[in-house]
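Subject: Handing over the structure, with notes

Dear colleague,

Here is the structure I promised to pass on to you. Please have a look at it first, and then read my notes below.

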Amino acid sequence: MLNKTEEHGTSALVDLYQRAPVEISAGEGSYLIGTDGERYLDFGTGIAVNTLGHGHPKLLNRLAQQAQAVWHCSNKFHIRSQIECAEILQQASFADRVFFCNSGAEANEGAIKMMRRHQFANGRPERWHCITFEGAFHGRTLATLSATGRQDFQVGFGPAVPGFVQAKFNDLASVEHALTPETGGILLEPIQGEGGVRVFDPGFVRELRALSAERGILLLFDEIQTGVGRTGTFLACEQFNVTPDIVSLAKGLGGGVPIGAVLCCEAVARSMVPGSHGTTFGGNPLGCAIAAEVISVVLSDGFLPRVREMGRMLGDGLDRLVAGYPEVLRERRGRGLLQGLQTRTAASSFERACLEHGLIVMAAADSVVRLLPPLTVSAEEISAAIEILEDVCRECF
Ligand code: PLP
């Protein structure tokens, strides 16, 4: 069924990815289509990116309209779609202000810089350190790699950027131990995606909120994987009953167009002044037009309740598999349409077996495969995915 690697490989690219022997030529709704005509049920969505699936009519329309109007202009000018997108995000969340950039790592860089600048502007320049958590993934730039703290990703890139210390997952004593007079921020993914769909305990997150507020430390949520409806609410922080000071978004925000954003409260925004941060492409008319359309659909009547319903259906189906195939599966984790199955085999082998059966899933750490369908997924497509997963479990046993 799968195409041969040699047909698709090339020595013209830096060899950074372990690619499946498949070349994708098209996308339709919840399916990706290979050059050989094979259809793959896409429960990977380019790692939580294609929020509305492939070829959503509203995105195609908006893209055509914006492409006719203007693609790019500098942030030296007012940009209508950027304002539109920021105002929708403002209304949909705790945010008073928004900064647009191009990717997840860049959003986290912006968030970390805002935290440092906020402390500096408030007479605490020594507070530029940030506490992060074991199992985190915050990106591949030098600072976000240091925030991630994974030694294997850091080899050969020189010393880590200073100012990051890791605490243990869900462990308040470890956070208190990591606190110093230099601590200015605490950064976490409410649900660790790459770390294996590990959901923080809401009580722990609320304690972090109380502790950080009491000490003048900012609470930063990396919602790059969890944001824009993925977990059933617009931001995952809503389910933890916690209001962060800064949230970073990317992935699902553009539905496939590269865009990132930093959402922040007014007190944080005040410390940023013209010239203190910026980007060439961030907030460009094309990206913002698409993101505004994605968010409008996600916030439209009945959309998020439906994501929660589909999330429950997927979760129930996965629970049945865990109960039926305990020799293959350990447990199910997740919220909404960010679900993880912990396997007893290597997650990468399970991922490959699913692909052989026409289902795309995404391996993560901790022996977990993630199921991240488009938020527009249908009940029939969820049933089809569960059937394929069951076939794979049967074969593994
Ligand atoms: N933060 C989280 C939670 C992520 O899942 C990712 C990517 O997987 C990133 C940051 C980095 O995003 P990007 O790859 O767009 O730089």
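I begin with two phenylalanines, because both Phe133 and Phe200 are buried, where buried means under 20% relative accessible area, exposed means over 50%, and partly exposed lies in between (1.4 Å probe, protein chains only). Before going further, please keep in mind that this is a predicted model, in which local features need pLDDT of at least 70 and side-chain atom pairs count only at pLDDT 80 or more, while totals for chains, interfaces and linings use all residues. Residues are numbered from 1 along each chain as its sequence is written, and side-chain values use heavy atoms, with hydrogens and water left out.

**Aromatic rings**

A pair of aromatic rings is described by the distance of the centres and the angle of the planes. Rings of Phe, Tyr and Trp (its six-membered ring) pair if their centres lie within 6.5 Å, and planes under 30 degrees apart count as stacked, over 60 as edge-to-face and the rest as tilted. The structure holds 5 aromatic pairs. One of them is formed by Phe133 and Phe200, which are edge-to-face, with 5.2 Å from centre to centre and 70° between the planes. This pair links distant parts of the chain, 67 residues apart, since Phe133 is in strand S5 (residues 129-133) and Phe200 is in the loop between strand S9 (198-199) and helix H9 (202-215). The names come from DSSP runs numbered from the N terminus, with helices (H or I) of at least four residues and strands (E) of at least two.

The rings of Phe137 and Phe153 have their centres 6.0 Å apart and their planes at 90°, so this pair is edge-to-face. Phe137 is in the loop between S5 and helix H6 (142-148), and Phe153 is in helix H7 (residues 151-154), so that the pair links distant parts of the chain, 16 residues apart. Phe137 is partly exposed, because its relative accessibility is 22%, whereas Phe153 has a relative accessible area of 17% and is therefore buried. In addition, Phe133, Phe169, Phe200 and Phe204 form one aromatic cluster.

**Charges over rings**

A charge sits over a ring if NZ of Lys or CZ of Arg is within 6 Å of the ring centre and within 35 degrees of the ring normal. The charged end of Arg39 lies in this way over the ring of Tyr31, 4.7 Å from its centre, and that of Arg335 lies over the ring of Phe240, 5.5 Å from its centre.

**Packed helices**

Two packed helices are described by the angle between their axes and the distance between the axes. Axes are lines fitted to C-alpha atoms, for helices over the stretch in contact, and the angles run from 0 to 180 degrees between N-to-C directions.

How do helix H4 (residues 80-92) and helix H11 (residues 285-298) pack, and at what angle? They pack at about 30°, with their axes 8 Å apart. That makes H4 roughly parallel to H11, because angles under 35 degrees count as roughly parallel, over 145 as roughly antiparallel, 65 to 115 as roughly perpendicular and the rest as oblique. H4 passes H11 in a left-handed crossing, a term used if the near helix is turned anticlockwise from the far one by less than a right angle, with right-handed used if clockwise.

Helix H3 (residues 57-69) also packs with H11, at an angle of about 155° and with the axes 9 Å apart, so H3 is roughly antiparallel to H11. The crossing of H3 and H11 is right-handed. Among the residues of H3 that meet H11 are Leu59 and Leu63, and those of H11 include Ala289 and Ile290, where contact means heavy atoms within 4.5 Å.

The axes of helix H12 (residues 303-324) and helix H14 (residues 379-396) come within 10 Å and cross at roughly 20°, and H12 and H14 are therefore roughly parallel to each other. H12 passes H14 in a right-handed crossing.

**Loop residues**

Val197 has a positive phi of about 50° although it is not a glycine. Val197 lies in the loop between strand S8 (191-192) and S9, and Val197 is buried because its relative accessible area is 0%. Asn241, also not a glycine, has a positive phi near 55°. Asn241 is in the loop between strand S10 (218-222) and strand S11 (246-249), and its relative accessibility of 64% means that Asn241 counts as exposed.

With best wishes
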